[in-house]
Amino acid sequence: SKGVDAWVADAAEQDRTAAQSIAVAIEEAGPEVASRLEIPEGEPVVVRRRLRTIDGSPHNLNDTYYPREIAEGTPIMYPADIPQGVIALMEDLGYNQVRFRDDLETRMPTPDEADQLLIPPGVPVLAQHRTGYTTTRPVKLTITVWPGDRTSLVYEFDA
C-alpha cells in the first residue's frame, strides 16, 4: 500500500521486522544541504531524522531536509509516520516530484553515525544523497547512511 513506508514493506516481504524512530528539527542549512536544495546557506530547513532498525538492530540513518516554507504547517513537522507517504503528501501540497538525483559516496562514519549504527572501527559507510525535484526546483534532500559491512544496493531502471 502507498501508506506503508516502502522500506518497512520491503523488510516485511523478507519476514523481518522493520522499525524507525523519528525526530524533527528546524536547522540552518549547512553548505551541502543549501547547495543541493539551491537555497542560501543558513536559511531554515526542516529535517526529519530517522534511525531505522531491522529485527531490533540498527540498519541505517535516514535524514530528509525540506525548505521550511514547504514543510511549515504540514504533517512533515511532526515526528510521526505520514500515512500516505511524504511523496504523496507533497503532491497534495502541489510539489509533484518528477525526477530524483542520487549521489553516492563511501567515507568513514562520523563518531555519532558509528555510535548509532554500531559500526566497528575501520568500517566505512555508504552515504546516498537523493535530491527530489519538481519541474522548477529541488524540494527535498534525503541523506541515507548505511554501514559498509552489511549493505548491498540494487538499482534497476529502464534503458
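How do the residues of the lining of the second largest pocket divide into nonpolar, polar and charged, and how many fall in each group? In this predicted model, the lining comprises seven nonpolar, three polar and eight charged residues.

**The second largest pocket**

The volume of this second largest pocket is about 280 Å³. Its lining is made of 18 residues, and those nearest the centre are Arg 49, Leu 61, Asp 63, Glu 113 and Val 145. Several elements contribute at least two lining residues each, namely β1 (18-28), β2 (44-54), β3 (57-67), β4 (99-107), α5 (111-117) and β6 (138-147). Rolling a probe the size of a water molecule over the atoms reveals where empty space remains.

**The sheet**

The strands that contribute to the pocket lining also lead to the sheet. Six strands make up an open sheet with antiparallel pairing, arranged in the order β1-β2-β3-β6-β5-β4. At the edges stand β1 and β4, each of which pairs on one side only. From one strand to the next, the twist averages 15 degrees. In general, the strands of a sheet pair through backbone hydrogen bonds, in either a parallel or an antiparallel manner.

Three of the antiparallel pairs are set out below, each with one pair of facing residues.

| Strand pair | Bridges | Facing residues |
|---|---|---|
| β1 and β2 | eleven | Ala 23 and Arg 49 |
| β2 and β3 | ten | Val 47 and Tyr 65 |
| β5 (125-133) and β6 | nine | Thr 131 and Leu 141 |

Strand β2 is mostly covered, since eight of its eleven residues are buried. Together with β3 it forms a hairpin, in which two residues lie between the strands. One residue of this turn, Asp 55, has a positive phi of about 50 degrees.

**Two loop residues with positive phi**

Asp 15 is situated in the loop between α1 (6-13) and β1. Its phi is near 55 degrees, a positive value in a residue other than glycine. Because the relative accessibility of Asp 15 is 73%, and exposed means over 50%, this residue counts as exposed.

Glu 38 occupies the loop between α2 (31-37) and β2. Although Glu 38 is not a glycine, its phi is positive, at about 55 degrees. Is Glu 38 buried or exposed? With a relative accessible area of 58%, Glu 38 is exposed.

Terms used
Residues are numbered from 1 along each chain as its sequence is written. This is a predicted model: local features need pLDDT of at least 70, side-chain atom pairs count only at pLDDT 80 or more; totals for chains, interfaces and linings use all residues. Side-chain values use heavy atoms; hydrogens and water are left out. On a 1 Å grid over the protein atoms alone, a cavity is a set of points where a 1.4 Å probe fits but cannot get out, and a pocket is an open set with protein on both sides within 12 Å along at least five of seven lines; lining residues have an atom within 4 Å of a point. Grid points are joined across faces, edges and corners, and a volume is the space filled by probe spheres set on the points. Helices (H or I, at least four residues) and strands (E, at least two) are DSSP runs, numbered from the N terminus. Ala, Val, Leu, Ile, Met, Phe, Trp, Tyr, Cys and Pro count as nonpolar, Asp, Glu, Lys and Arg as charged, and the others, Gly among them, as polar. Two strands pair if DSSP finds at least two bridges between them. Axes are lines fitted to C-alpha atoms, for helices over the stretch in contact, and angles run from 0 to 180 degrees between N-to-C directions. Buried means under 20% relative accessible area, exposed over 50%, partly exposed in between (1.4 Å probe, protein chains only).
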